[in-house]
Amino acid sequence: MTFQSEIVETDGIQLISLSGRLDSATSNVFESSLQKLFENQGSLVTMNFSGLDYISSAGLRVILMVAKRAKQAKGRLVLFGLQPHVKEVFEISGFLKILEVVNDQAEAQALIKA
Amino acid sequence: MQNIIRRLFAPGIWLSDRLSFSLKYLLIGVLVLMALLALSVPMFQHAHDDSELANVEREGLKVFIAQADVLTTLVMLRSSSINDQNVLPSDELGAHVEQLIQEAHQYGARELADRLNLLWTQVKTESVDSDPKRRFAIQTAVINTLLNLIRESASIHRLNVDQNLDATFDVLTNRLPLVLETLGKQQDALTLNMEAMESYALGAQVVLTESVPILWSGVKQLINNTPNSNALKNKLEQLLTGMSQQQDIADKVLGEPNAIGELRPRVSENLELARSLLNDSVLIADGYLFASIKQYYRVQLIVAGLILTTIFIISYLFAGIYLSTLRSLKSLSEGTDAFCRGQLSTRIKIDTQDELVLVARNFNTVASEFEQLLEVIREQNESRQRELEIQVQARTAELADRNEQLRAASERVQEELHLARSMQLAILPQEFPDEKHWAVSASMFPARELGGDFYDCFLLPDGRYGIVIADVSGKGVAAAFFMAVSRTVLLDQAMSGRQPSDVLACSNDLLCERNPMELFVTASYGIYNPHNGHFIYASAGHHASLLRNSKGEVKALPCSHDIALGVISEMTYVNHTTHLVQGDTLLLYTDGVTEAFSESNEAYGDARLYAWLSSTLSEDNPSTLVSGLVKDVADFVQGAEASDDLTCLILCCKNEEIILDTLPKELSNKTLLLDYHLPTRVDEISNLAEAVDNALLDRPDLAFSANLCLEELITNIIQHGLKGAGDRLIRVRMNISEEWLEIILKDDAPPFDPFAEAPEPDLDLDVEDRPIGGLGVHMVKMMMDDARAYYDGSGNLIILLKTLSK
């Protein structure tokens, strides 16, 4: 159950799919894979959490960093497909209030294009 | 003109300016007296000289009388001795002649005196039988010498220069004796009856003839100067008639020589008349001289009387003028003195006619004007006084009114202050936690109605207790308001459960936002965890709290010197931690304790506080200690007025049980699910997670929570507790009962309470403001129902409880 992620770009929107455990051991790798994200102003990024089974504060840290960079680059970051316990972690951390989180990819596409 | 006069009299004015009135009068008096004396001296001298002269003349006259007497006697002796040769000069005559000679010696006619003496000796020694002619010649020589002496004496006695009787005296001392001698000689010559003698007698007639006018004018002078001298005049006329007749006879003899016989009786008669005239004239002249002398004396007396009278009159007048002036001046002086002493009705009355009346009149005018002026001023003053009194009365009434208002206002203020005090005291908690293992008590005594200190002890949402003590700068209402605001802000911030440093920093920012009076507050805020004795605290300019252990050792807790609240915003504060164990007593206090001053102005001070705290017993409960400290300070100040609010808060950890024994009760009927020794490396966590997942296969939700909490706590221990040391082991156990899942972590790190020390994240911040990290401990607290950390001496024990109910 190791962590995996891949980035696919479609119609100018980057889709990052996450799977496995995003914890203190794996968050560093994930963080480094996102270096080029939001290098361009106004980048649009969606993250698919449906494959992610586990996230700790170390993973949340990476997500917060990405969100900060999106704000700086005047881009947009939309998260979707969070499993219930992952969503609970987001809830507890107050991230649902500050991040754009939707149910599925269609909603994410619609939101990001709007 | 006046200048000229002034310059002219400058020396006199200068002298007068330097003399008093009495001296001025004395000076003038003396000068007048001297002038009078100077004038009178010559007058006296003159009168005196005149009288002296008259005396000399009279003396001369007296001498002359004696001389005339002797002369007459001598003439008679010569006649007698012709008729009778035996006639000798009498002894009496001799004595008279010798007296004349002696007197002549005395008044200076020595030569004549000696000659007379010589001739007189010849007369005396002439023998009786000698030749009559010779005797006649000698006696005639004596008579001629006497005549010369008479003339000399008259000259010496100044008889011939008398201004009134010079002619008279000439006749008396010169002409008349000559006539007398001539007549005597004629008589003697005729008696001798010799041819030669007859011609001699006729020749002598020439002397008589030429003497007539002289005799006339001389005797006439005497008659003119003396009244009642008709007898003398008659005698003169008789003599002159006789001499005229003698001349007639002499003329007749020239024709008929026999007529010579008629001549002798005529000569004898004339001789007698001449002698008589001489005697009378001498008497009258003497009387005249005597009268003159008396007259001179009278003149002297009159002059003296006049001078004395003049002196007396002048002195009298001067004294009068002096006394009058003095009286006027005295009146002026007394009047001005009395006026100056305040007797304003004084008027000076001077009855004189001099210039001082003008001075007095001017003074009286000034005094009247002054009195009138004073009267006017007095009237003005009185009216002003009345006006002022009315105003004062009005103001007094107004003031009384205001005072009443002020008193009412003051009462109102007092009432409100009293209310405020009650309210302030009500804000401060009077009930304190008194648990089995620990207890708190506190007290605040404001220096005035309202205090600026506050304390509090309150339960935080996570079961720990916030303990605060604070001291607002200043006293009174402003400090009380700021105290209320500060307390509200501080409690509000504290209730979030965040670290003391954050609570103080946020409170500081809030207090700085609105602080118009620029007050500030020193505060010490700590969080006490009664479960493990952990005490984390921070200080904002407040002095260190004191900790006494069970052995009675007192130490001040380490304390950062951070700035007081309300001074500058955006300040940071530093947390410190300590562990309270059984028997510990923690004292938080304000400087009202250490800076309580006795009457001798001595401060209570740190040393006394340390000594007092050291002397307390571990068994004491905090309320006893608080009242004990208050009493100790009160005993020290001895009723001196408090200068600052006195506040203290005491937390006692009771002796009864070890805190570690208060671990949650052992879960009953629990089953060990997992006992795992985890190497302290992050990449080992996934293995643990797999084990947990396997242990809780039927409850993946619990496994998720457990894994999340374990990961967070383990990364925390590795990072903060072990500082990244990877060669240790953390023991993880998991038990399950019917209701609870129990997760226990045990490390061998130094004391570290993640729940106390990790700051609470602010979940409401925006993306940009959210700090990276700081979420782990928060998530553990949120996901577990109970999360506690303990230090048991060998390491930290973390026990998490999670209900099994979904």
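In this predicted model, B:Glu371 comes out as partly exposed, with a relative accessible area of 27%. Its side chain meets that of B:Arg347 in a salt bridge, with 2.8 Å from N to O. B:Arg347 sits in the loop between helix H10 (260-340) and helix H11 (356-427) of chain B, while B:Glu371 belongs to helix H11, so the pair ties together parts that are 24 residues apart in sequence. Like its partner, B:Arg347 is partly exposed, here with a relative accessible area of 35%. The general idea behind such pairs is simple: side chains of opposite charge can pair when their charged atoms come close.

Helix H11 of chain B also holds another pair, B:Glu404 and B:Arg407, which are three residues apart and so separated by about one helical turn. The side chains of B:Glu404 and B:Arg407 form a salt bridge of 2.7 Å, N to O. B:Glu404 is partly exposed at 40% relative accessibility, and B:Arg407 is partly exposed too, at 42%.

Things look a bit different for B:Glu684 and B:Arg681, whose side chains meet in a salt bridge of 3.1 Å, N to O. B:Glu684 has 17% relative accessibility, which means that this residue counts as buried, since the cut-off is under 20%. B:Arg681, on the other hand, is partly exposed at 38%. Salt bridges can also join up into a network, as with B:Arg78, B:Glu181 and B:Lys185. Over all chains, the count comes to 30 salt bridges.

Now for chain B as a whole. Chain B has 20 helices and 15 strands. Its C-alpha atoms fill a box of roughly 245 × 65 × 50 Å along the principal axes. The radius of gyration of chain B is 83 Å, whereas a compact globule of 806 residues would have one near 28 Å. Of those 806 residues, 45% count as buried. About 41500 Å² of chain B is exposed, and carbon and sulfur atoms supply 55% of that area. Among contacts between residues at least 6 apart in sequence, 72% join residues at least 24 apart. As for charge, chain B carries 67 positive and 112 negative charges, and their mean positions are 12 Å apart.

Chain A offers a buried example in A:Thr46, which is placed in strand S3 (residues 44-55) and has a relative accessible area of 2%. Setting aside neighbours within four places in sequence, A:Thr46 is in contact with A:Ile13, A:Gln14, A:Leu15, A:Ile16, A:Val78, A:Phe80, A:Ala108 and A:Ile112.

Note on methods: Residues are numbered from 1 along each chain as its sequence is written. Chains are lettered from A and ligands numbered from 1 in the order in which they are written. This is a predicted model: local features need pLDDT of at least 70, side-chain atom pairs count only at pLDDT 80 or more; totals for chains, interfaces and linings use all residues. Side-chain values use heavy atoms; hydrogens and water are left out. Helices (H or I, at least four residues) and strands (E, at least two) are DSSP runs, numbered from the N terminus. The radius of gyration is taken over C-alpha atoms; the globule rule is 2.2 Å times the number of residues to the power 0.38. Buried means under 20% relative accessible area, exposed over 50%, partly exposed in between (1.4 Å probe, protein chains only). Contact means heavy atoms within 4.5 Å. Accessible areas come from the Shrake-Rupley method with a 1.4 Å probe; for residues, only the protein chains shown count as cover. Lys and Arg count as positive and Asp and Glu as negative; His and the chain ends are not counted. The place of a charge is taken as NZ of Lys, CZ of Arg, CG of Asp or CD of Glu. A salt bridge is a side-chain nitrogen of Lys or Arg within 4 Å of a carboxyl oxygen of Asp or Glu.
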